[in-house]
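Please open the model in a viewer and keep the selection panel at hand. The tour below proceeds by selection, with a short account of what is found at each stop.

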Number of protein chains: 2
Amino acid sequence: MPDPKRHWRDYLERKGLKTTQQREAIVDAFLRSSGHVALEDLLSSARRKYPRVGLATVYRTVKLLEEAGIAAARHFGPGQTLYEVAEGRAHHDHLICDACGFIIEFESDEIEQLQDSAARRLGFNVLRHRHELFGLCERARGIAGGSCPGLAAGRQPNSGAPPSRRGRV
Amino acid sequence: MPDPKRHWRDYLERKGLKTTQQREAIVDAFLRSSGHVALEDLLSSARRKYPRVGLATVYRTVKLLEEAGIAAARHFGPGQTLYEVAEGRAHHDHLICDACGFIIEFESDEIEQLQDSAARRLGFNVLRHRHELFGLCERARGIAGGSCPGLAAGRQPNSGAPPSRRGRV
DNA sequence: ATCGATGCAAACGATTTGCAAACGT
DNA sequence: ACGTTTGCAAATCGTTTGCATCGAT
């Protein structure tokens with residue numbers, strides 16, 4: 001997402017929604033933010049520019065930002081929801097079958113977010129990572145009817161070729 | 001954790017807490033459960049054994065189970081909290097500073113849980129894994145007053161020695 | 001002029017807590 | 001007997017919504 005602001009305007013137009021001063025104030029405050037933001041923070045930021053905004057509008061606007069794929073919610077606990085700018089990350093991690101050597105790529109935003117926040121808490125800034133899970137696929141475990149995800153996709157095991165399946169989890 | 005029930009009794013005694021029928025009913029219902037459980041589920045399960053229990057008691061008991069390390073909460077969204085039996089895993093993952101080469105060990109039950117459920121969804125059974133985060137510590141990023149967690153703990157960077165700090169995150 | 005957006009306050013659902021009574025030690 | 005635990009209801013928290021009004025197109 002090279003230009004989130006443009007993406008936002010496009011989204012509004014596509015949906016037949018309107019550009020209002022309070023929405024702009026909230027969106028600007030959000031995009032200006034780095035890391036996690038609480039809605040209360042957005043409210044006070046937005047109020048500096050447009051003092052009449054209410055909390056409900058912030059909720060409504062952030063929900064739109066989520067739908068537009070610009071904001072991502074992180075739930076840390078009951079009543080502890082923070083939002084962050086959804087970066088166009090394309091990480092993929094690996095699931096490797098010990099038996100057939102097959103590799104499945106998978107993605108998990110939740111894991112990405114957790115590892116980032118874990119690192120941040122320890123004072124670290126994560127640049128890249130490696131996350132590999134080793135285990136056995138259904139076939140290798142002898143499960144009736146189970147299949148190796150790689151084989152199931154029509155590939156031969158241990159081929160060393162790129163993974164045949166991508167799972168979003 | 002070979003015997004959760006024993007661990008639970010020990011925990012109660014250590015803390016000077018009491019064993020009550022409703023607690024037992026709730027704990028049994030929880031330990032009998034597999035996967036994720038909602039508190040409402042625990043309530044109705046527990047009520048089959050001890051009909052007078054209230055929801056507040058379930059909340060209070062599950063909080064104790066968390067403190068005892070027996071239960072783990074999963075927050076799926078606002079108002080969508082499920083609990084699962086915490087397995088006694090002792091994984092530790094690594095946070096590696098690109099600048100000083102220092103390694104911090106960290107643990108995150110949440111990440112463990114997520115990666116396992118991700119794998120499970122793809123038909124895998126995870127036996128072991130490697131999870132390494134590469135990045136920069138505060139000192140390496142030139143943050144005023146920031147320190148490399150390794151250096152802060154009194155170790156020399158790039159020593160190749162075991163990590164000096166463990167972070168539970 | 002039309003139709004969506006806003007602010008406010010009330011509604012809502014999940015979680016917590018105050019309190020007097022009941023229970024385990 | 002003592003201090004903890006319980007159930008209940010009320011309180012609290014974050015979040016959503018109804019509605020009359022306002023604003024953007």
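**Stop 1: The contact at B:Thr57**

Begin with B:Thr57 and DNA strand D: an N or O atom in the side chain of B:Thr57 lies 2.3 Å from a phosphate oxygen of the strand. This is a predicted model, and the distance should be read accordingly. Next, colour the elements that give two or more residues to the surface near DNA strand D, namely α4 (55-67) of chain A and, in chain B, α2 (21-32) and α4 (55-67).

**Stop 2: The rest of the surface near DNA strand D**

Select the residues around DNA strand D; there are 19, and the closest are A:Tyr59, B:Lys18, B:Arg52, B:Val53 and B:Thr57. Which element gives the most to this surface? It is α4(A), with four residues. Colouring by class shows four nonpolar, eight polar and seven charged residues near DNA strand D.

Two further side chains in chain A merit a distance label. A:Lys63 places a polar side-chain atom 3.2 Å from a phosphate oxygen of DNA strand D. For A:Thr81, an N or O atom of the side chain is 3.0 Å from a phosphate oxygen of DNA strand D. Now display the strand atoms within 4 Å of the protein: 72% of them belong to sugar or phosphate, and the rest belong to bases.

**Stop 3: DNA strand C**

Move to DNA strand C and select the 21 residues around it, of which A:Thr20, A:Arg23, A:Arg52, A:Thr57 and B:Tyr59 come nearest. Of the atoms of DNA strand C that come within 4 Å of the protein, sugar and phosphate account for 73%.

Which side chains should be labelled here, and what do they approach? The side chain of A:Lys18 has an N or O atom 2.9 Å from a base oxygen of DNA strand C. A:Arg60 has a polar side-chain atom 2.8 Å from a base nitrogen of DNA strand C. In chain B, the side chain of B:Lys63 brings an N or O atom to 3.2 Å from a phosphate oxygen of DNA strand C. The elements that give two or more residues to the surface near this strand are α2 (21-32) and α4 of chain A, together with α4 of chain B. The largest share, four residues, comes from α4(B). By class, six nonpolar, eight polar and seven charged residues make up the surface near DNA strand C.

**Stop 4: Helix α5 of chain B**

Select residues 109-121 of chain B, which form helix α5. The helix has 13 residues and reaches 18 Å from its first C-alpha to its last, close to the 18 Å expected at 1.5 Å a residue. Within α5(B), the buried residues are B:Ile111, B:Glu112, B:Gln113, B:Leu114, B:Gln115, B:Asp116, B:Ser117, B:Ala118 and B:Ala119. Continue past the end of the helix to B:Gly123, which follows α5(B) and has a positive phi near 85°.

**Stop 5: Chain A as a whole**

Finally, show chain A alone in cartoon form. How many helices and strands does chain A contain? There are six of each kind, and from the N terminus on they run α-α-α-α-β-β-β-β-α-β-α-β. Switching to a surface representation brings up an accessible area of about 9000 Å² for chain A, 47% of it belonging to carbon and sulfur atoms. Of its 169 residues, 40% count as buried. Among the contacts in chain A with a separation of 6 or more, 53% are accounted for by residues 24 or more positions apart.

How values were computed
Residues numbered from 1 in each chain as written. Chains lettered and ligands numbered in written order. Predicted model: local features only at pLDDT ≥ 70, side-chain atom pairs only at ≥ 80, totals over all residues. Heavy atoms only, no water. Buried < 20%, exposed > 50% of the residue type's maximum accessible area, 1.4 Å probe, protein only. Contact = heavy atoms within 4.5 Å. Areas by Shrake-Rupley, 256 points an atom, 1.4 Å probe, with all protein chains shown as cover. Near = heavy atom within 4 Å. Polar contact = N/O pair within 3.5 Å; in protein donor to acceptor, adjacent residues only side chain to side chain. Nonpolar A, V, L, I, M, F, W, Y, C, P; charged D, E, K, R; others polar. Expected span 1.5 Å × (residues − 1).
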